[in-house]
Amino acid sequence: MSPLMPAAAANVFVVDHPVIQTKLTELRDHATEPRKFRALLNEIGSLMVYEVTRDWPTMARKVDTPIETMEGRVLARKVTLVPILRAGLGMSDGVLRMLPEARLGHLGVYRDEKTLEPVSYYQKLPPDIAQTEVLLIDPMLATGGSGSAAISFLKKAGVTNMRFVCLVAAPEGIAALHAQHPEVPIYCAAIDRQLNELGYILPGLGDAGDRIFGT
Ligand code: PRP
Ligand code: URA
């Protein structure tokens with residue numbers, strides 16, 4: 001992971017492995033079709049898991065190998081993945097591939113096209129989510145409104161261990177998310193330059209949901 005400038009760095013981690021950067025460049029290409037776009041997004045999601053979960057607590061578990069007994073280590077807490085609908089769905093399968101025991105919650109949030117304010121329209125979470133490690137997943141962090149609303153909802157549900165996993169983050173979105181929720185770490189594959197007047201990330205990759213679902 002790349003070290004960031006201290007001012008921008010608080011609780012932001014850029015997972016800029018060369019393999020991830022190569023896939024991200026392909027993904028950004030306007031000519032990349034939904035089928036390839038979905039595949040790349042999930043592959044990046046899988047690869048990011050290693051860094052996102054690197055310091056999760058583990059506990060001892062006895063295991064009988066074919067030769068002898070030893071004390072292995074396993075994740076200490078259950079895991080819940082929470083994709084923000086729609087675009088989060090395009091990344092969550094890749095994360096789930098690495099964490100197949102995880103449960104899934106879903107939060108439906110879209111940005112109003114004119115005001116760019118988040119509109120929440122669906123929530124379904126596992127009942128014991130507060131006791132789990134939560135990865136909140138959305139490829140795009142633009143103004144930060146959707147992510148912030150989703151984190152507020154998870155906090156109301158009692159979640160304390162959560163990380164926000166995205167693909168591309170705008171500096172404005174990082175600042176907004178941290179203004180509201182400074183303790184929630186943000187993991188991304190790239191921090192782009194800025195937002196345009198319509199709230200799109202520059203250079204970005206366009207509308208993630210539309211590119212995933214072909215809408
Ligand atoms: C996109 C993206 C984020 C949001 C980011 O969703 O998936 O959820 O925009 O923007 P923000 O940081 O300014 O809130 P969108 O609203 O397009 O909904 P969709 O995934 O259903 O297409
Ligand atoms: N949502 C997207 O899908 N893309 C952007 O650039 C900004 C918000």
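**Contacts, strands and helix faces in a predicted model**

Me: What makes the pair formed by an oxygen atom of ligand 2 and a polar backbone atom of I201 a polar contact?

Reply: The two atoms are 2.8 Å apart. A polar contact is a pair of N or O atoms within 3.5 Å (within protein, one must be able to donate a hydrogen and the other to accept it, and residues adjacent in sequence count only if both atoms are side-chain atoms). The I201 pair therefore qualifies. The model is predicted, with local features requiring pLDDT of at least 70 and side-chain atom pairs pLDDT 80 or more, while totals for chains, interfaces and linings use all residues. Residues are numbered from 1 along each chain as its sequence is written, chains are lettered from A and ligands numbered from 1 in the order in which they are written, and side-chain values use heavy atoms, with hydrogens and water left out.

Me: Which other backbone atoms make such contacts with ligand 2?

Reply: A backbone N or O atom of G206 lies 2.8 Å from a nitrogen atom of the ligand, and a polar backbone atom of A208 is 2.8 Å from one of its oxygen atoms. On its own, ligand 2 has 240 Å² of accessible area, of which the protein covers 89%; such areas come from the Shrake-Rupley method with a 1.4 Å probe, and for residues only the protein chains shown count as cover.

Me: Which residues are said to be around ligand 2?

Reply: They are R111, M140, A142, G199, Y200, I201, G206, D207 and A208. A residue is placed on such a list if one of its heavy atoms lies within 4 Å of the molecule.

Me: How many residues surround ligand 1, and which are the closest?

Reply: There are 14 around ligand 1, and the closest are R86, D138, T143, G144 and S146.

Me: What makes D138, T143 and A142 polar partners of ligand 1?

Reply: An N or O atom in the side chain of D138 is 2.4 Å from an oxygen atom of ligand 1, and the corresponding value for the side chain of T143 is 2.5 Å. For A142, a polar backbone atom is 2.9 Å from a ligand oxygen. Taken alone, ligand 1 exposes 490 Å², and the protein buries 91% of that.

Me: Why is T53 called buried?

Reply: T53 lies in the loop between α3 and β2 (58–64). Its relative accessibility is 16%, and buried means under 20% relative accessible area, exposed over 50% and partly exposed in between (1.4 Å probe, protein chains only); T53 therefore counts as buried. A polar atom of its side chain lies 2.7 Å from the backbone oxygen of V49.

Me: Why is A176 called partly exposed?

Reply: A176, in helix α6, has a relative accessible area of 28%. That value falls between the two cut-offs, so A176 is partly exposed.

Me: How do you know that G173, I174, L177 and H178 lie on the same side of α6?

Reply: These buried residues of α6 (residues 171–180) cover an arc of only 125° around the axis, which puts them on the same side. The arc is that of the directions from the helix axis to the C-beta atoms. The face turned away carries the exposed residues A179 and Q180. Helices (H or I, at least four residues) and strands (E, at least two) are DSSP runs, numbered from the N terminus.

Me: What puts the buried residues of α2 on the same side?

Reply: In α2 (residues 18–28), I20, K23, L24 and L27 are buried. Their arc is only 105°, which places them on the same side, whereas P18 and T25 are exposed on the other side. The cover over the buried residues includes α3 (34–52), β11 (168–169), β13 (190–191) and α7 (208–213), where contact means heavy atoms within 4.5 Å.

Me: What makes β8 and β10 paired strands?

Reply: Strands pair if DSSP finds at least two bridges between them, and 4 bridges join β8 (residues 133–137) to β10, which run parallel. The bridge partner of L136 in β10 is F164. β10 also pairs with β12 (residues 186–188) in the parallel sense over 2 bridges, with V165 opposite Y187.

Me: Why are β9 and β13 said to stand at the edges of their sheet?

Reply: The open sheet of 3 strands has the order β9-β11-β13, with parallel pairing. β9 (140–141) and β13 each have a single partner strand, so one side of each is left without a neighbour in the sheet.
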